[in-house]
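Here is a set of questions and answers to read alongside a structure. Take a look at it, then follow along.

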Protein chains: 2
Amino acid sequence: MEGRGFYNANSAWQASGAATALSLFAEAASEVPLDDTEGPIVLADYGSSQGRNSLAPLRAAITELRSRVGPQRPIIVAHVDQPANDFATLFDVVDTAAGSYTSDEGNIFPCAVGRSFYRSVLPPDYVHLGWSSYAAHWLSRVPTRIPGHIYVPRATADARAAFTEQARSDWETFLSLRALELRPGGRLVIVAPALDDSATTPFAVLFDYANQALVDMVAEGTLHREERERMVVSAFQRTRTEAQAPFVDDRRFAGLTARSCTVSEVPDPSWLQFEQDRDQRALAARRAAFFRATFAPTLSDALDHRDADARKSFCNRLEAGLCQRLDDHVAPIATFAVTLLVVKE
Amino acid sequence: MEGRGFYNANSAWQASGAATALSLFAEAASEVPLDDTEGPIVLADYGSSQGRNSLAPLRAAITELRSRVGPQRPIIVAHVDQPANDFATLFDVVDTAAGSYTSDEGNIFPCAVGRSFYRSVLPPDYVHLGWSSYAAHWLSRVPTRIPGHIYVPRATADARAAFTEQARSDWETFLSLRALELRPGGRLVIVAPALDDSATTPFAVLFDYANQALVDMVAEGTLHREERERMVVSAFQRTRTEAQAPFVDDRRFAGLTARSCTVSEVPDPSWLQFEQDRDQRALAARRAAFFRATFAPTLSDALDHRDADARKSFCNRLEAGLCQRLDDHVAPIATFAVTLLVVKE
């Protein structure tokens, strides 16, 4: 994710997807067993990025919890992301943003864990309630390159098989680790970009344009061919079948039960805005900024020189090229999200 | 503290001071009451900066704790610092540095809290063992300017009185908040730069040179007079008497008992290195880099333009000017540290 608050400002799509799971998370907060001690209630946010999109779901859950335990009981909120995540922005947002879960609440203790969620990040039997939004589709590693493209659904069969296997293994790792961290009775809601069961990929249009913009950069000499060939967006959109795959025996896996698993269409927030303002150029700019904030940093890992200036210049050029190409695309772009509720039983 | 790991690389003086308290902290770990549950043991590091100087004391404490509870019991380590602290470097150092407290240990869970320690940062009755090194002398606010200087011990009587009052109030706030966060029986070791009881200030020589370098910058036009006048190092070195002041009745304050309070001289690590290499220029460069890493960022808060480039250019110029002036100062610079052990009883 791009740092210095840029991701927070350009991740409406992720927020739109997460909104589909918000009421499910609030319901989990109303049902999760709470022991009778005075000890802290622990919420975990797996893949927080810069925090903005976590505020509303955490606030909804905390409202439910407060109605059950009153204002005195401490609540810990642990935001988990990669070590290099922009935690300075996260702490600032959590503390000062309108609508933050801390804004009219005392006895709330935010903290951050800078460690990949493909490792243990919190103690065993520690978490009452977990949330993971638009994060669990990022893979732990890039298993192979994608000839001629950056986007997994556009990969050849061989490359796609390698990604499918990586995604299967990462998903089991993610779920197994979270199963250890949840308390008995603890609940975890996961929402992530998905493919619908027909595996249609309307979202791919954005990656096709971005891929063309990268080809342009090679042609004009602002990107080396070898850099371009290394570039992959190492994210995997699961189908409902893939998301449910580990829960084979009675919907159980690693001590977790899948209570629900749904795939739903996510409204395109850029398009909703366009229906208000009818500004074609602004539509392209919003989509290009979203793409840059979300995917350009991971693409820039493939640059030969990865200092801040080189990355910034790459991201600027990609965003400009993408914006230009998107100017013609005046249509909504549908995406899908898969939402799971799992319980440790 | 300067970001991107620069503070970690130039804070040997702070490490040297903290070393005086290390055995006291290990002893506290061997004595702190541990309940019989399997729940996490919680360590807090108040004022972690980028983490390097916290590794050795935390490792020593964890070794003691492990000999008492075995390898399975989880240990949480909460690093507390300002929201804008360089937590990316901290997480990287904690995870990868040789000598980190995680390096041959499992079941350790580092996290960060990005909130001033002049607020509640952790839940009540949560912390078994606290550590605060070279942090509690930083004040919560600048109570007044210091005419003609940047360093509190060089202030006029009026200005010094304002700082003394701020330091008194901040110290009571710091101790009261930590008293709430400690568990009954919990221990906190605090080590901070101090004045000895005669209030001699050999360390002031460094600030005199830095102050002269700032005057030079005004003269040459690289710093505005008004910017210079706003610059203050908002830190306060307490004497032993001032550090003990809150503990009036039977050495108790806010539920804490002061078990010990000592002031000791801290060896000058730049000088120790000079005795090895006899390199006068390197001596000046080390001291200037130390000053820059520790104090230049807080001075740069007074700039009219506080973007990253402006700050960097100011810090570069100040370091260069200070280095030039320090070239003549071929003598050790003594400093003092005050070390307290407090227990919640």
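Q: Is B:R317 buried, partly exposed or exposed?
A: This is a predicted model, in which local features need pLDDT of at least 70, side-chain atom pairs count only at pLDDT 80 or more, and totals for chains, interfaces and linings use all residues. Residues are numbered from 1 along each chain as its sequence is written, chains are lettered from A and ligands numbered from 1 in the order written, and side-chain values use heavy atoms, with hydrogens and water left out. Buried means under 20% relative accessible area, exposed over 50%, and partly exposed in between (1.4 Å probe, protein chains only). With a relative accessible area of 25%, B:R317 is therefore partly exposed.

Q: Which residue forms a salt bridge with B:R317?
A: A salt bridge here is a side-chain nitrogen of Lys or Arg within 4 Å of a carboxyl oxygen of Asp or Glu. For B:R317, the closest N and O atoms are 2.5 Å apart, and the partner is B:E220.

Q: How many residues apart in sequence are the parts that B:R317 and B:E220 tie together?
A: Helices (H or I, at least four residues) and strands (E, at least two) are DSSP runs, numbered from the N terminus. B:R317 lies in helix α11 (residues 308–326) of chain B and B:E220 in helix α6 of chain B. B:E220 is partly exposed, at 41% relative accessible area. Because the two sit in these separate helices, the pair ties together parts that are 97 residues apart in sequence.

Q: Which residue forms a salt bridge with B:R230, and how far apart are the closest N and O atoms?
A: B:R230 counts as partly exposed at 32% relative accessibility, and its partner is partly exposed too, with a relative accessible area of 38%. That partner is B:D304, and the closest N and O atoms are 2.7 Å apart.

Q: Where does A:D208, the salt-bridge partner of A:R154, lie?
A: The closest N and O atoms of A:R154 and A:D208 are 2.7 Å apart. A:R154 is in the loop between β4 (127–133) and α5 (157–181) of chain A. Its partner is 54 residues away, in helix α6 (residues 204–220) of chain A.

Q: Which residues of the largest nonpolar core touch the most other members?
A: A nonpolar core is a set of buried Ala, Val, Leu, Ile, Met, Phe, Trp, Tyr and Cys residues joined through side-chain atoms within 4.5 Å. The largest one has 101 residues, and those with the most contacts to other members are A:L43, B:L43, B:I150, B:F291 and B:F314.

Q: Which helix gives the most to this core?
A: In soluble globular proteins, nonpolar side chains tend to be buried together. Ten residues of this core come from a single helix of chain B, which is α6 (residues 204–220).

Q: Is B:R178 buried or exposed?
A: B:R178 sits in helix α5 (residues 157–181) of chain B. Contact means heavy atoms within 4.5 Å, and, leaving out residues up to four places away in sequence, B:R178 touches B:Y46, B:F117, B:R119, B:V121 and B:L188. Its side chain also reaches the backbone oxygen of B:R119 at 3.2 Å. With 0% relative accessibility, B:R178 is buried.

Q: How many of the ten residues of strand β8 of chain A are buried?
A: Both faces of β8(A) are covered, with A:T335 and A:L341 among the buried residues on one side and A:F336 and A:K344 among those on the other. The strand (residues 335–344) is largely enclosed by the rest of the structure, because the number of buried residues is ten of the ten.

Q: Which residue of strand β7 of chain A is the bridge partner of A:L340 in β8(A)?
A: Two strands pair if DSSP finds at least two bridges between them. Strand β7 (residues 256–266) and β8(A) pair in the antiparallel sense over ten bridges. The bridge partner of A:L340 there is A:C261.

Q: How many salt bridges are there between chain B and chain A?
A: In contact across the interface are 25 residues of chain B and 25 residues of chain A. One salt bridge joins the side chains of A:D95 and B:R119 (2.8 Å, N to O). The count between the two chains is two.

Technical notes: Polar contact = N/O pair within 3.5 Å; in protein donor to acceptor, adjacent residues only side chain to side chain.
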